[in-house]
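Welcome to a short set of exercises on a single chain. Please keep the viewer open and try each task before reading its solution.

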Amino acid sequence: NIYIHYFKHIFINMSHDGCIEVAWKGQAFSYLLHHSGFHKTENYGTKRHEQHSSATSAVQQNLSDTQTKAGTGTWQGPAPKGFGVVKEETAQDLARSAALEPTFARLGNGQTIPFLGLGVAGVADQSVIDAALAAGIRHFDCTSATPAEESILGAGLAAFLAANGDRASLFLTVPVRSTTVVGGAAVPATVPTAEEVLSSVSASLLALHVDYLDLVLLPAAVDNCAAAAAVTWRALQDLVAAGKVRNLGVSNYSLVDLESLAQSASASPSASPSISPSLKPLVNQIELHPRLAQRKLVGVSLRKGILSVAHTPLGGVEGSKELLVVPAVQAIVESTGRTAAQVLLRWNVQRGVPVVFGVSGVSGISADQQKQWVKEAAEGVRGWKLDYVQKAALDAVDASATSAAKRDAEVAKTASKRFYTPQGLVFADAEEGGAVKPSTVL
């Protein structure tokens, strides 16, 4: 009764008093485009015009649509540059930023992967693994390693864990090895079968003396049949369900193949009911360095929840120094006092891409020299950053990032280049997959 009386009182008063009319009743909104009294609103055009009050009257009378309408026209001048120049980064700014930088990247499922990893292919002996662990490296990659080199890593890890080392701090990556490889390289002629998946992972677990693997990569095959890859992927999902593998990924996949596999993984769930149908690849390990930035592949993959990890970050193998002597790299070496290898590793890390560097380029030398190189690389990506100008200079090395109309013979000297070119493996066009680039259509 109290509530009824209260609301009845409100309604009665409203019926007697009526609603108070708003002050703007019957008036037009002056900021609507169709209103005769439409006034100029602040936007890029008006702000830039006000800042450049010394412009000639001719320019003032020939204003862009953007200066007379609320952002509905087209800015006819150069792209807006903001209200000031880029702040020059001091050494203190860079050091402070580097100190706050994380040492790991986050995968699409929330787990983490260290930014720096050591490829164990070509390691001389266990002391190199011990030196890497002492330098703080916790990510070890066996993608290009032989079973014997994988066993060397296993011996080092066993000693680390026996000395109360934390298994959870380690991140171990292994490939699915196939019995059919091309030209002696770790590139399968066909997609590995489900049986090869099981035997390969079991062998790696045994060689590394661990109970689970952090990441298993399915390598791109010469005949990368989508249907076969889907069957193999279901076998990998079963290993995740069994607790033997934590994360799944691929290596050297193009954007087209990546999209096809992701769709197959989503549409073809594992036979195990505990596996989610959306268990898609979380990592694509590809060649990345300033001469091969692969911006579209990296960017589109990231938007799909797939993190790119760089292999061959220094360009070339077995003593090739082509990428190390690029003028932009050497200029940064002179200004920072860092080595060329440290600059190249830092470039990938600073763009949010984890890096796997190796000792294969220095194989054949002593274990002490390999240990020194590992220590140099580990120290070279921490505690400092490339400034804006240095990063932009390295970004410009890959001429494929520029418009085709702007290229000339000089620019073509630094066009995209692959150093990893295994026999039989054909890489798709960089523009295939993802959203269609308008310029390729027009």
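**Exercise 1. Two cysteines**

Does Cys225 count as buried, partly exposed or exposed, and at what relative accessibility?

Solution. Before starting, note that this is a predicted model, in which local features need pLDDT of at least 70 and side-chain atom pairs count only at pLDDT 80 or more, while totals for chains, interfaces and linings use all residues. Residues are numbered from 1 along each chain as its sequence is written, and side-chain values use heavy atoms, with hydrogens and water left out.

Step 1: recall the classes: buried is under 20% relative accessible area, exposed is over 50%, and partly exposed lies in between (1.4 Å probe, protein chains only).
Step 2: Cys225 has 34% relative accessibility, so Cys225 is partly exposed.
Step 3: Cys142, at 0%, counts as buried.
Step 4: look for disulfides, meaning pairs of cysteine sulfur atoms within 2.5 Å; the structure holds zero.

**Exercise 2. The core**

Find the residues with the most contacts inside the largest nonpolar core, and the helix that gives the most to this core.

Solution. Step 1: a nonpolar core is a set of buried Ala, Val, Leu, Ile, Met, Phe, Trp, Tyr and Cys residues joined through side-chain atoms within 4.5 Å.
Step 2: the largest one has 93 residues, and Ile137, Phe140, Val216, Leu236 and Phe357 have the most contacts inside it.
Step 3: helix H13 (residues 340-350) gives the most to this core, contributing seven residues; helices (H or I, at least four residues) and strands (E, at least two) are DSSP runs numbered from the N terminus.
Step 4: take Ile137 and list its contacts (heavy atoms within 4.5 Å). Leaving aside residues up to four places away in sequence, Ile137 touches Leu116, Leu118, Ala132, Phe357, Val374 and Ala378.

**Exercise 3. Around H13**

How many residues of H13 are buried, and against which elements do they pack?

Solution. Step 1: ten of the eleven residues of H13 are buried. Among them are Gln342, Arg346, Trp347 and Asn348.
Step 2: these buried residues of H13 pack against strand E9 (307-311), helix H12 (327-336), E10, H14 and helix H15 (388-395).
Step 3: look past the end of the helix, where H13 is followed by Gly352, with a positive phi near 85 degrees.

**Exercise 4. Rings**

Classify the one aromatic pair of the structure.

Solution. Step 1: rings of Phe, Tyr and Trp (its six-membered ring) pair if their centres lie within 6.5 Å; planes under 30 degrees apart are stacked, over 60 edge-to-face, and the rest tilted.
Step 2: the ring centres of Phe357 and Trp373 are 5.7 Å apart and their planes are at 85 degrees, so this pair is edge-to-face.
Step 3: Phe357 belongs to strand E10 (residues 355-358) and Trp373 to helix H14 (residues 367-380), so the pair ties together parts 16 residues apart in sequence.
Step 4: Phe357 is buried at a relative accessible area of 1%, and Trp373 is buried at 13%.

**Exercise 5. Confidence**

Which elements have the lowest and the highest mean pLDDT?

Solution. Step 1: pLDDT is the predictor's confidence in each residue, from 0 to 100; the chain mean is 78.
Step 2: helix H4 (residues 65-68) is lowest at 42, and strand E4 (residues 139-141) is highest at 97.
Step 3: residues 54-76 have pLDDT below 50, although the model gives this stretch 35 contacts beyond near neighbours in sequence.
Step 4: where pLDDT is low, the predicted coordinates should not be read in detail.
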